[in-house]
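User: I would like to go through this protein at the bench level. Please take my questions one by one.

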Amino acid sequence: MEKKELLRQVGSMQQLMHVRPVAYEEGRARGMKAFQVKNGLLGFTVMADKCLDIAEASFCGHNISFLAKPGLMGRNHYDTNGLEAQRSIMGGLVFTCGLENICAPCSVDGKDYPMHGRIRTTPAEHVCANACWQGEKYVATITGKMREAELFGENLTLQRKITTVYGENKIYLEDTIANEGFSTEPMMLLYHINAGYPLLGEKSKIVLPTKKVTPRDGASAPHVGRWGSMDAPKDNEPESVFLHEMAADQEGNTFAAVLNGELGIGLKVEYNIQELPYFMQWKSIASGDYVVGLEPANSSVYGKPYHIKEGTLHKMEPLAVETKHITLSFLSGGQLGQIEQEAENLCKGE
């Protein structure tokens, strides 16, 4: 609908779309600042105090995201304490892993690197949120900057821009990572994008244009043939992780998706393999930990020691800048039927 006609229907566009600052008042989330975003049938929360990551998300009245058992929480003493960091991983639709480490905690040359790195719990600075007309489109934008730095150590920044346009049912993430120091620095980055119940259910499908699937470990190997399916929750079932070699178009564009035909909704994650050449899939059917993670990354799930050993650790030169793009599309109705064909076409090179 054109701007003029839309404004005939509403006195304030906040009736249809808004960005509202909030602060939590209880539990471990007490004092944490965030933004609640409404875009028609799409709603999501951006955590100002946690890397501008996206915590909760809903679409067409259904929950999309995964919330881990620890629940919503701000920065705390678990964050950088080895495997205890699992007590501060609240999940969410998107949490950002890096910038010095992703995946398992490790120690290199006497220096400890926490699980999934430090950036995921870093508060944003220079935060700005706005919703306004841009030509014929009503656009909401949230921006901010996170810094991962140490005296006599690294000085890496992540500038994030989150955009959503009324009526599009999409969230656009644009991240600009800069090495503002004067030493060459490792830079590891993984986007942990997590689908939960009821989007995720026994009849849900995980759709990927994958050319090759490799289980991470022995526990994952028996389940590699069912990477695209979900089962009913099973008590105390170990997690599985799969590494995928993704097909892409000539420009490097590809995607991953979770579809629920019964509810008629889906989540599609679009990215570019030139920016993020690795893709991992996390799958847990454990009771209470029921989740699928779609994880585009610039590094492998095997982590920092693996890349050091292989000589493939991604590094940024002094004052270098890199930009990454992720688009989250929320699907409904007939859009779901196109996704499997799209994946098949990419695998065929069409």
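The questions below go from the whole chain to single residues of this predicted model.

User: How many helices and strands does the protein chain have?
Analyst: The model is predicted, so local features need pLDDT of at least 70. The secondary structure of the protein chain comes to three helices and 23 strands.

User: Why does the radius of gyration agree with a compact globule?
Analyst: The C-alpha atoms fill a box of roughly 65 × 45 × 45 Å along the principal axes. For 350 residues, a compact globule would have a radius of gyration near 20 Å. The protein chain agrees because its own value is 20 Å.

User: What share of the residues is buried?
Analyst: The cut-off for buried is under 20% relative accessible area. Among the 350 residues of the protein chain, the share that counts as buried is 52%.

User: What share of the contacts joins residues 24 or more positions apart?
Analyst: The count takes contacts with a separation of 6 or more. Among these, residues 24 or more positions apart account for 63%.

User: What part of the exposed area comes from carbon and sulfur atoms?
Analyst: The protein chain exposes about 15800 Å². Carbon and sulfur atoms supply 48% of it.

User: How far apart are the centres of the positive and negative side chains?
Analyst: The protein chain has 35 positive side chains and 43 negative ones. The centres of the two sets are separated by 3 Å.

User: Which strands pair with β19?
Analyst: Strand β19 covers residues 265-272, and seven of its eight residues are buried. Eight antiparallel bridges link β19 to strand β18, residues 253-260. Six bridges, also antiparallel, join β19 to residues 321-332. The partners are therefore β18 and β23, given that two strands pair if DSSP finds at least two bridges between them.

User: Which residue is the bridge partner of Thr 254, and which that of Leu 267?
Analyst: Thr 254 has its bridge partner in β19, and that partner is Tyr 271. Leu 267 has its bridge partner in β23, namely Phe 330.

User: Which residue in the turn between β18 and β19 has a positive phi?
Analyst: The two strands form a hairpin with four residues between them. The phi in question is about 75°. The residue is Gly 264.

User: Is Ser 300 buried or exposed?
Analyst: Ser 300 is found in the loop between β21 (289-297) and α2 (303-310). Beyond its neighbours within four places in sequence, its contacts include Ile 102, Cys 103, Leu 243 and Tyr 278. Its relative accessible area is 2%, so Ser 300 is buried.

User: Is Thr 163 buried or exposed?
Analyst: Thr 163 is in strand β11, residues 155-165. Residues up to four places away aside, Thr 163 touches Val 139, Ala 140, Thr 141, Lys 170, Ile 171 and Tyr 172. Its relative accessibility is 14%, so Thr 163 counts as buried.

User: Where is the cis peptide bond with omega near 0°, and where the one with omega near 5°?
Analyst: One cis bond leads into Leu 99, which lies in strand β6, residues 94-99. Another leads into Pro 198, in the loop between β14 (188-195) and β15 (205-207). Omega near 0° belongs to the bond from Gly 98 to Leu 99. Omega near 5° belongs to the bond from Tyr 197 to Pro 198.

User: What is the phi of Asn 169?
Analyst: Asn 169 is in the loop between β11 and β12 (170-179). Asn 169 is not a glycine, yet its phi is positive, near 55°.

User: Is Leu 319 buried or exposed?
Analyst: Leu 319 is in the loop between β22 (315-316) and β23. Its phi is positive, about 65°, although Leu 319 is not a glycine. With a relative accessible area of 54%, and the cut-off for exposed being over 50%, Leu 319 is exposed.

User: What distance separates the C-alpha atoms of Ala 124 and Ser 12?
Analyst: Ala 124 is in the loop between β8 (111-113) and β9 (125-134). At 15% relative accessibility, Ala 124 counts as buried. Ala 124 is in contact with Ala 48, Leu 52, Lys 145 and Met 146, leaving aside neighbours within four places in sequence. Ser 12 is 112 residues away along the chain, and the C-alpha atoms are separated by 29 Å.

Technical notes
Residues numbered from 1 in each chain as written. Predicted model: local features only at pLDDT ≥ 70, side-chain atom pairs only at ≥ 80, totals over all residues. Heavy atoms only, no water. Rg over C-alpha atoms; globule rule 2.2 N^0.38 Å. Buried < 20%, exposed > 50% of the residue type's maximum accessible area, 1.4 Å probe, protein only. Contact = heavy atoms within 4.5 Å. Areas by Shrake-Rupley, 256 points an atom, 1.4 Å probe, with all protein chains shown as cover. Lys, Arg positive; Asp, Glu negative; His and termini not counted. Charge placed at Lys NZ, Arg CZ, Asp CG, Glu CD.
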